[in-house]
Amino acid sequence: MPEFAYHAIDPDGREQRGRIAAANDDAARDRLTSKNLYIVSVAPAPARASLLASLPIKRQPRLNAKQLTLFTRQLSSLAQVSPLEEALRTISRQSEQPHVRQILTEVHAGVVEGQRLSEAMRREGNSFPPLYRAMIAAGEGAGTLPLITERLAVLLERQAEMRGKLIGALAYPAILSLVALLVVMGLMVSVVPRVVEQFDNVDQQLPLITRIVIGISAFLANYYWVLIIAVVLGGLLFAQALKRPAFRLSVDRTVLHIPLLGKLLRNLHAARMARTLATMVASRLPLLEGLRLTGGTIRNKVLSAANDDIVESVRSGGSLSGAMRTSGVFPPLLVYLTASGESAGQLDIMLERAAEYLEREFDNFTSTALSLLEPLIIVAMGGVVAVIILAILLPILQLQNLTGL
C-alpha cells in the first residue's frame with residue numbers, strides 16, 4: 001500500500017508530521033481527519049532512502065524553465081477565480097512529475113502556515129529565481145498578484161519562445177555540419193584506401209593532391225584515436241580555462257565579435273532585457289532592483305559587466321538610456337526608445353515596443369541566416385567531396401594517357 005507524507009495540526013495546536021499508509025490521497029485525508037487533525041498538506045511520500053541515496057552527492061529537485069512557465073500560467077489563471085491557497089493545492093495535485101508535486105506542496109504548505117507566497121517560494125530558491133520572487137512580492141504588496149502572475153507568464157513564455165528559436169537556429173547548421181563531416185570521414189577511411197591500393201604498383205609519381213588525400217586518409221585510418229584524445233583533452237583544458245575570469249571575458253568578447261553569432265546574441269540579450277525591465281517597471285518594481293536582478297541571469301561576461309556598469313550609473317543618478325549608450329553593447333533603437341520612454345514617463349510601454357521590434361528582427365535575422373548558411377554548408381561539403389574524387393581520378397587519367405602512348 002502506498003505511503004503519504006502529511007503535515008497536520010492537532011487539537012492542541014502542535015504540528016504533526018509523518019507518514020501514513022492509505023489506498024489513495026482521499027483515504028489518507030479521511031484517516032487523518034478521523035484523528036481530529038487539521039490537514040495542512042498531504043502528498044505521496046518519497047521512497048525510503050537507500051544506501052546510494054544516503055551518499056553525500058545529492059541533486060536537489062527543481063523546476064526547469066518549462067515547468068516554471070507552466071506553473072506560472074496555471075497560477076495566473078486560477079488566482080483570478082479562486083483563493084491562492086486553493087489554487088496552489090489544485091496545481092500541486094494535478095502535477096504528474098513527483099518532484100514538481102513535492103516542490104509545489106512545500107510552497108502550498110508555507111502559504112497555509114501564514115507566509116506570503118514570495119516567502120514560501122524562498123523555501124525552493126532553486127526553482128524560483130530572485131527576479132521571479134521579487135515580482136511576486138511586488139504583486140502581493142500592491143494587491144495585484146493575479147495581474148503580476150499574468151505578466152510573469154507572458155514574460156516566461158516569450159523567453160521560452162526566444163530560447164527555442166535560438167536553439168533551432170544553432171542546432172540545424174550544427175547537425176548539418178556534423179553529418180557532412182561524418183560523410184567526408186567515411187569516404188576518407190573506407191573508400192579512399194581501397195581505391196589507392198590500385199596504385200601501389202605504379203612506377204609513376206602520383207599527383208600532389210592525391211598524395212595529400214592519401215596521407216590524410218592513412219592518418220585517420222591508423223591514428224583516429226589520437227584525434228579523439230586530442231579533441232577530448234582540448235575540450236577539458238578549454239573548460240578549465242573558462243573558469244579563469246580573464247580568459248572567460250576574452251572568449252565572451254570574441255564571441256560577440258563573430259559576424260553572425262555576435263549580432264544574434266546581442267539582439268537576443270537586448271530583447272530579453274527590454275521585456276524583463278518592461279514587465280518589472282509595469283509592476284511598479286524599482287528600476288535599480290530590476291537591473292540588479294536581471295544581471296544575475298546573464299551568462300556572457302561582457303554583457304554582464306555592461307549591466308553592472310548600468311546599475312552603478314543609475315544608482316549614481318544617471319539615466320537608463322545614457323547608461324545604455326555608454327556601454328556600447330545595445331542596439332541604437334533600444335537606446336532611443338528608452339530615452340523616449342523616460343522623457344514621456346512611459347518607460348514600460350517603450351521598452352515593450354523595443355522588445356517586440358528586437359524579437360521580430362531576431363526572427364528575420366535567423367531565418368535569413370539559415371537560408372544562407374544551408375547552401376554554404378552544402379557547397380563546402382560538395383567541394384571537399386569533389387577534391388577527394390579529383391584525387392582519385394587524376395592517377396586513373398594519368399595511367400590512361402601512359403597506356404595510350
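Q: Buried means under 20% relative accessible area. In this predicted model, why does serine 321 count as buried?
A: The relative accessibility of serine 321 is 6%. Buried is the word for values under 20%, so serine 321 is buried.

Q: What does serine 321 touch, not counting residues up to four places away in sequence?
A: Serine 321 sits in helix H14, and leaving out those sequence neighbours, its contacts are Val335, Thr338, Ala339 and Glu342. These four are also among the residues that H15 brings to the contact with H14.

Q: Why are H14 and H15 called roughly antiparallel?
A: Helix H14 (residues 320-327) packs against helix H15 (residues 332-344) at an angle of about 165°, and their axes are 8 Å apart. Angles over 145 degrees count as roughly antiparallel, and therefore the term applies to H14 and H15. As for handedness, the crossing of H14 past H15 is left-handed. On the H14 side, Leu320, Ser321, Met324 and Arg325 make the contact, while H15 supplies Leu334, Val335, Thr338, Ala339 and Glu342. By class, that contact comprises five nonpolar, two polar and two charged residues.

Q: What makes H12 roughly antiparallel to H13?
A: Here too it is the angle that decides: the axes of H12 and H13 cross at roughly 165° and come within 9 Å. With the cut-off set at over 145 degrees, H12 is therefore roughly antiparallel to H13. Their crossing is left-handed. The contact brings together Leu288, Leu291, Arg292 and Gly295 of H12 with Ser304, Asn307, Ile310, Val311, Val314 and Arg315 of H13. Five of these residues are nonpolar, three polar and two charged.

Q: How do you know that serine 304 is buried?
A: Its relative accessible area is 14%, and the limit for buried is under 20%, so serine 304 is buried. Serine 304 belongs to helix H13 (residues 301-315). Apart from residues up to four places away in sequence, serine 304 touches Gly295 and Ile298. Gly295 is itself one of the buried residues of helix H12 (residues 287-295), together with Gly290, Leu291, Leu293 and Thr294. This buried set of H12 packs against H6 (130-142), H11, H13 and H14.

Q: Why is H2 called oblique to H3?
A: The angle between H2 and H3 is about 140°, with the axes 9 Å apart. Roughly antiparallel would need an angle over 145 degrees, and roughly perpendicular one of 65 to 115. An angle of about 140° meets neither condition, and therefore H2 is oblique to H3. H2 passes H3 in a right-handed crossing. Phe71, Gln74, Leu75 and Leu78 of H2 meet Leu84, Ala87, Leu88, Thr90, Ile91 and Gln94 of H3. In that contact seven residues are nonpolar, three are polar and none is charged.

Q: What makes arginine 73 and glutamate 150 a salt bridge?
A: Their closest N and O atoms are 2.9 Å apart, and the rule asks for such a pair within 4 Å, so the two form a salt bridge. The pair connects distant parts of the chain, since arginine 73 is in helix H2 (residues 65-78) and glutamate 150 is in helix H7 (residues 145-196), 77 residues apart.

Q: Why is arginine 73 called partly exposed?
A: Its relative accessibility is 23%. Partly exposed lies between under 20% and over 50%, so the term fits arginine 73. Glutamate 150, at 27%, is partly exposed as well.

Q: How do you know that glutamate 85 and arginine 89 meet in a salt bridge?
A: The N to O distance is 2.4 Å, and the limit is within 4 Å, so the salt bridge holds by this rule. Both residues lie in helix H3 (residues 84-94), four residues apart, about one turn of the helix.

Q: What parts does the salt bridge of glutamate 359 and arginine 275 tie together?
A: The closest N and O atoms of this pair are 2.8 Å apart. Glutamate 359 is in helix H16 (residues 347-404) and arginine 275 in helix H11 (residues 259-282), so parts 84 residues apart in sequence are tied together. Glutamate 359 and arginine 275 are both buried. Through shared partners, salt bridges join Arg158, Glu161, Arg275, Glu352 and Glu359 into one network.

Key
Residues are numbered from 1 along each chain as its sequence is written. This is a predicted model: local features need pLDDT of at least 70, side-chain atom pairs count only at pLDDT 80 or more; totals for chains, interfaces and linings use all residues. Side-chain values use heavy atoms; hydrogens and water are left out. Helices (H or I, at least four residues) and strands (E, at least two) are DSSP runs, numbered from the N terminus. Buried means under 20% relative accessible area, exposed over 50%, partly exposed in between (1.4 Å probe, protein chains only). Contact means heavy atoms within 4.5 Å. Axes are lines fitted to C-alpha atoms, for helices over the stretch in contact, and angles run from 0 to 180 degrees between N-to-C directions. Angles under 35 degrees count as roughly parallel, over 145 as roughly antiparallel, 65 to 115 as roughly perpendicular and the rest as oblique. A crossing is left-handed if the near helix is turned anticlockwise from the far one by less than a right angle, and right-handed if clockwise. Ala, Val, Leu, Ile, Met, Phe, Trp, Tyr, Cys and Pro count as nonpolar, Asp, Glu, Lys and Arg as charged, and the others, Gly among them, as polar. A salt bridge is a side-chain nitrogen of Lys or Arg within 4 Å of a carboxyl oxygen of Asp or Glu.
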